[in-house]
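User: Got a model on my screen and I'd like to talk through some helix packing and then the empty space. Can you walk me through it?

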Amino acid sequence: MEPVPITPNMYDYDVIVIGGGHAGIESALASGRMGCKTLLLTLSRDTIGLMSCNPAIGGVGKGQLVKEIDALGGQMGCTTDACGIQFRILNASKGPAVQSSRAQVDRNKYRQYMQEIIEGQDNLFIREAEVKKLVVRDNRIRGVVTDKNEEITSSAVVICAGTFLDGLIHIGLNHFSAGRINEPAACDLAKNLKELGFNLLRFKTGTCPRMDKDSMDFSKLTVQEGDNPPRPFSFSTKEIIQQQIPCYITYTNNNTHQIIRDNLDKSPLYTGIIKATGVRYCPSIEDKVVKFAERVRHQIFLEPEGYEAPEIYPNGLATSLPEEVQLKILHSIEGLEEVRVIRFGYGIEHTVVEPTQLYPTLETKLLKNLYLAGQINGTTGYEEAAAQGLVAGINAALRVTNKEPLILDRASSYIGVLIDDLTTKGTNEPYRMFTSRVEYRLILREDNADLRLKKIGYDLGLVNKEDYQKLQEKTEAIKQGINFLRTTLLRPSVQVNNRLIDLETSPIKKAVTLEEILKRPQINLEHLKSLDQINLDIPEFAFRQVEIEVKYAGFIQRQLKEVERFKNLERIRLPQDLDYSGIPSLSKEIKEKLNRFKPINLGQAARISGVTPVAISILMVYLRKLNG
């Protein structure tokens, strides 16, 4: 993983990014913004930024990823704010550790906005071409060969191929090669990766039919409004000013389920035609009906694809059943009895590179200067793809400019957890981010992503000076706000105690600090203003962090101590040329795993399945002897 000196202008480009989806966009923008001459290779300029599946960004665990992408200087949050048509905070009634943002977006506007950003970016060039194979010399990437038989050289390559690697679409018992509906698959590149020695897997994902909104009976549907006011994704967005529109909810029923059961013999999933592993946490409607047979109904979220778009996306109805069966299913659902289908749903199998073959920088262990990001690493979802794309693009640019790589660990970010899970544990099914995967989620919240990561983005050149100054102002405002609460006393009085009783909390008998009062579960910062005409003088942009830091101080301190213990292992580096076969007392199995995984530090070694605490202790002793 040592940087390799690169001579300026040695190649046609510094970085080549393959694919213009969510991973490719973040990767190409990061590389270009960091000053590297970057080429984005895509099958079609028109599909850059296309939302292949549902018209939404964020969700449980995913919202945190988008906030972190934004804090590091990525694009997804800003584009969502500009194109969002409904914003909601999920788990709003629960604690801040599990609250996540989600937004419906205008699908066509999102694609156009991203294309304008890409086309206007300095150092970034776009070319339409299919990559047939990688150019490799001395186990190092030197460029790519396209379908036009041209060799384009570069110092680094990032593959963000989405579902296009040997993609196979299934609709009923029919199947055909495609990367997305009506778009060709990248079969030659998948074959080339296998020839180069990568261990490949096959995963399956799917999408829902799109319905004509003019054929729906909205009087039978439940309206779902967004939050008012909507909370932006990007820390740079002051407010959401565009019109917000509702979504709708309906449900499947026994009739729907019977139609599905009667047609399982036409399902590629249940006839064995699809052999790849599907998404556990976003199953097809066939899977839901079979695996959750006791459920009498399943919720369907009806999501508009834009202000003017005729399509409605029925989130929760992913299917690969035949078209005529899909139509029967839709017509059995309340409010959709007469619905017309604009495009039917389908399942798609695609090739995945087993992600344990990557370093935490997302560089491959097999070939230097080759980075992988997105669904090629076994993930599912726009947000997971964009997060990886950003990290891969950053590290490709850092490699080209001979700088130390960026590695985000599990204690720093959701992105760190995502990448560590993939590269250390691997995945035997499409990986989706959840808050439950994150050990330190109370300190890795959405609201403090900028406090955790924006300085990193600024140092990389991805965050501008104005936004960084705002971060410094926010940090200082939080400190001052907490100090004010710690040093300001609330004295007992009839008026104060009556107000405390009204707020269903105990009256006070002696003077107490505002910090002590705020720690009470019934009290929030807004309540403090009404207790004794107190002027809090805490800026709005720091208000939420002050309250969380005070209310959860004990839990936060406990997690910070856990993080320090975690970091002690992360600080102990492991030489990449270390041969574990020669270390006494380690079992043969552990030696084989360590030699195969090549962990970068003791912490990562400890998270490899089967590596025991005793083995870690043996490694620590061995390293002490090795280092004298």
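**Helix packing and pockets**

Analyst: Sure. Helix 11 and helix 12 pack with their axes 10 Å apart, at an angle of about 150°. Keep in mind that this is a predicted model.

User: So how do helix 11 and helix 12 run relative to each other?

Analyst: Roughly antiparallel, because their angle of about 150° falls in the range over 145. Helix 11 passes helix 12 in a left-handed crossing.

User: Which residues make that contact?

Analyst: From helix 11 you have Asp450, Leu451, Lys454, Lys455 and Tyr458. Helix 12 brings Lys465, Asp467, Tyr468, Leu471, Lys474, Thr475 and Ile478. By class, that contact has six charged, five nonpolar and one polar residue.

User: OK, and what about helix 12 with helix 16, what's the angle there?

Analyst: About 50°, with the axes 9 Å apart. Helix 12 covers residues 465-487 and helix 16 covers residues 540-551. The two helices are therefore oblique to each other.

User: Left-handed or right-handed crossing?

Analyst: Helix 12 passes helix 16 in a right-handed crossing. On the helix 12 side the contact uses Glu473, Lys474, Ala477, Ile478, Gly481, Ile482 and Leu485. Helix 16 answers with Phe541, Ala542, Gln545, Val546, Glu549 and Val550.

User: What's the class mix in that one?

Analyst: Eight nonpolar, three charged and two polar residues.

User: Switching to pockets. How big is the second largest one?

Analyst: Its volume is about 1300 Å³. The lining of this second largest pocket takes 39 residues, and Arg231, Glu540, Phe541, Arg544 and Gln545 lie nearest the centre.

User: Which elements give two or more residues to that lining?

Analyst: Helix 11 (449-460), helix 12 and helix 16. Helix 16 supplies the largest share, eight residues.

User: And how does the lining of that pocket split by class?

Analyst: There are 18 charged, 14 nonpolar and seven polar residues in the lining of the second largest pocket.

User: Now the closed spaces. How many cavities of 30 Å³ or more are there?

Analyst: Four. The second largest cavity holds about 40 Å³ of space.

User: What lines the second largest cavity?

Analyst: Ile89, Pro96, Gln99, Arg231, Arg445, Glu446, Asp447 and Arg544. By class that's five charged, two nonpolar and one polar residue. Arg231 and Arg544 also turn up among the residues nearest the centre of the second largest pocket.

Methods: Residues are numbered from 1 along each chain as its sequence is written. This is a predicted model: local features need pLDDT of at least 70, side-chain atom pairs count only at pLDDT 80 or more; totals for chains, interfaces and linings use all residues. Side-chain values use heavy atoms; hydrogens and water are left out. Axes are lines fitted to C-alpha atoms, for helices over the stretch in contact, and angles run from 0 to 180 degrees between N-to-C directions. Helices (H or I, at least four residues) and strands (E, at least two) are DSSP runs, numbered from the N terminus. Angles under 35 degrees count as roughly parallel, over 145 as roughly antiparallel, 65 to 115 as roughly perpendicular and the rest as oblique. A crossing is left-handed if the near helix is turned anticlockwise from the far one by less than a right angle, and right-handed if clockwise. Contact means heavy atoms within 4.5 Å. Ala, Val, Leu, Ile, Met, Phe, Trp, Tyr, Cys and Pro count as nonpolar, Asp, Glu, Lys and Arg as charged, and the others, Gly among them, as polar. On a 1 Å grid over the protein atoms alone, a cavity is a set of points where a 1.4 Å probe fits but cannot get out, and a pocket is an open set with protein on both sides within 12 Å along at least five of seven lines; lining residues have an atom within 4 Å of a point. Grid points are joined across faces, edges and corners, and a volume is the space filled by probe spheres set on the points.
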